[in-house]
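Subject: Structure for you to look at

Hi,

Here is the structure I promised to pass on. Please open it first, and then read my notes below with the coordinates on screen.

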There are 2 protein chains.
Amino acid sequence: MTRLFLRLFFDGAMLGPGKVELLERIRARGSIAAAGREMGMSYRRAWSLVEEMNAAFAEPLVTSTRGGPGGGGAEVTPAGETVITRYHALHAAATAAGAADLAALQAMLREPGDMSRE
Amino acid sequence: MTRLFLRLFFDGAMLGPGKVELLERIRARGSIAAAGREMGMSYRRAWSLVEEMNAAFAEPLVTSTRGGPGGGGAEVTPAGETVITRYHALHAAATAAGAADLAALQAMLREPGDMSRE
């Protein structure tokens with residue numbers, strides 16, 4: 001099926017599917033490094049994306065502890081949960097609202113594919 | 001204001017704001033090279049994007065004549081016009097449908113900015 005890639009450009013901040021997926025994987029794994037690894041990202045890259053998000057939003061989206069006996073860990077905050085939820089709601093609303101235009105564009109392709117397939 | 005970046009992933013084809021802008025500039029300038037130049041693109045890059053679009057859609061979006069006394073030129077076809085129109089309609093519908101979520105995300109930023117500003 002046609003997928004919609006949606007990135008938000010705020011003044012000086014950007015939010016797209018990559019960062020949202022990173023938040024979700026941090027929530028699932030409790031670790032920035034593990035989340036990044038699952039996405040084929042270096043540890044450094046994953047940390048830098050988290051720092052970028054934490055700097056852009058008034059409240060941090062991820063909190064983390066480094067080292068310690070448990071090896072440190074990371075948690076998605078309530079603000080982070082809200083961002084995940086709002087992003088998906090936005091994506092769903094956009095896809096629904098644009099369905100007719102999406103279908104019309106898809107029908108114009110050389111190989112229109114199967115709209116019912118995900 | 002918050003801008004929504006919207007890219008469509010069809011099976012094997014991609015359509016985003018860059019290609020749509022290129023189509024619009026080709027329409028305005030009657031030349032692929034001039035349109036690409038305005039966007040800071042090499043001649044080669046602009047041509048390759050046009051070829052990609054023409055290959056993906058059942059009908060070409062751009063027709064062109066090379067050389068000749070007038071130096072050749074390019075035209076956006078009716079199919080190309082439809083793609084431009086549908087893309088903008090999709091973007092407008094998505095932005096309207098997602099307005100509440102966009103505003104909520106923007107309000108969570110450290111510097112929420114001015115929603116009334118374009």
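A residue counts as buried here when its relative accessible area is under 20%, as exposed when it is over 50%, and as partly exposed in between. By that cut-off A:Asp101 is buried, because its relative accessible area is 10%. Please keep in mind that this is a predicted model.

**Across the two chains**

I began with A:Asp101, as this residue forms a salt bridge with B:Arg86, with 2.8 Å between the closest N and O atoms. A:Asp101 sits in helix α5 (residues 99–107) of chain A and B:Arg86 in helix α4 of chain B, so this pair joins two chains. Its partner, B:Arg86, is partly exposed at a relative accessible area of 30%. How many salt bridges are there between chain B and chain A? The count is two. B:Asp101 also takes part, forming a salt bridge with A:Arg86 in which the closest N and O atoms are 2.8 Å apart.

Polar contacts between chain B and chain A come to 14 residue pairs, both residues being at pLDDT 80 or more. On the side of chain B that touches chain A, the elements giving two or more residues are β1 (3–10), α3 (43–56), α4 (78–97) and α5 (99–107) of chain B. The largest share there, ten residues, is from α4(B). Sorted by class, that side of chain B holds 26 nonpolar, six polar and seven charged residues.

For the contact as a whole, chain A and chain B each bring residues: 39 from chain B and 39 from chain A. About 3600 Å² is buried between the two, and carbon and sulfur atoms give 65% of that area.

The strands meet as well. Strand β1 (residues 3–10) of chain A and β1(B) run antiparallel and are joined by seven bridges. In this pairing, A:Arg3 stands opposite B:Phe9.

Helix α5(B) is worth a look too. Its buried residues are B:Asp101, B:Leu102, B:Ala104, B:Leu105 and B:Gln106. Their cover includes parts of both chains: β1, β2 (13–15) and α4 (78–97) of chain A, together with β1 and α4 of chain B.

**Within chain A**

Chain A has five helices and four strands, in the order β-β-α-α-α-β-β-α-α along the sequence. Of its 118 residues, 40% count as buried.

Which residues share partners in one salt-bridge network? They are A:Glu21, A:Arg25, A:Arg29 and A:Glu38. In one of these links, A:Arg25 forms a salt bridge with A:Glu21, the closest N and O atoms being 2.9 Å apart. Both lie in helix α1 (residues 17–29) of chain A, four residues apart, or about one turn of the helix. An α-helix has 3.6 residues a turn, so residues three or four places apart point the same way.

A:Arg25 also forms a salt bridge with A:Glu38, at 2.8 Å between the closest N and O atoms. That pair links distant parts of the chain, with A:Glu38 in helix α2 (residues 32–38) and A:Arg25 in helix α1, 13 residues apart. As for accessibility, A:Arg25 is partly exposed at 27%, A:Glu21 at 31% and A:Glu38 at 35%.

**One more spot in chain B**

B:Thr85 is in helix α4 of chain B. Its side chain reaches the backbone oxygen of B:Glu81 at 2.9 Å.

Happy browsing, and best wishes!

Technical notes. Residues numbered from 1 in each chain as written. Chains lettered and ligands numbered in written order. Predicted model: local features only at pLDDT ≥ 70, side-chain atom pairs only at ≥ 80, totals over all residues. Heavy atoms only, no water. Contact = heavy atoms within 4.5 Å. Buried area = accessible area lost by both parts, 1.4 Å probe. Salt bridge = Lys/Arg side-chain N within 4 Å of Asp/Glu carboxyl O. Polar contact = N/O pair within 3.5 Å; in protein donor to acceptor, adjacent residues only side chain to side chain. Nonpolar A, V, L, I, M, F, W, Y, C, P; charged D, E, K, R; others polar. Pairing = 2+ DSSP bridges. Buried < 20%, exposed > 50% of the residue type's maximum accessible area, 1.4 Å probe, protein only.
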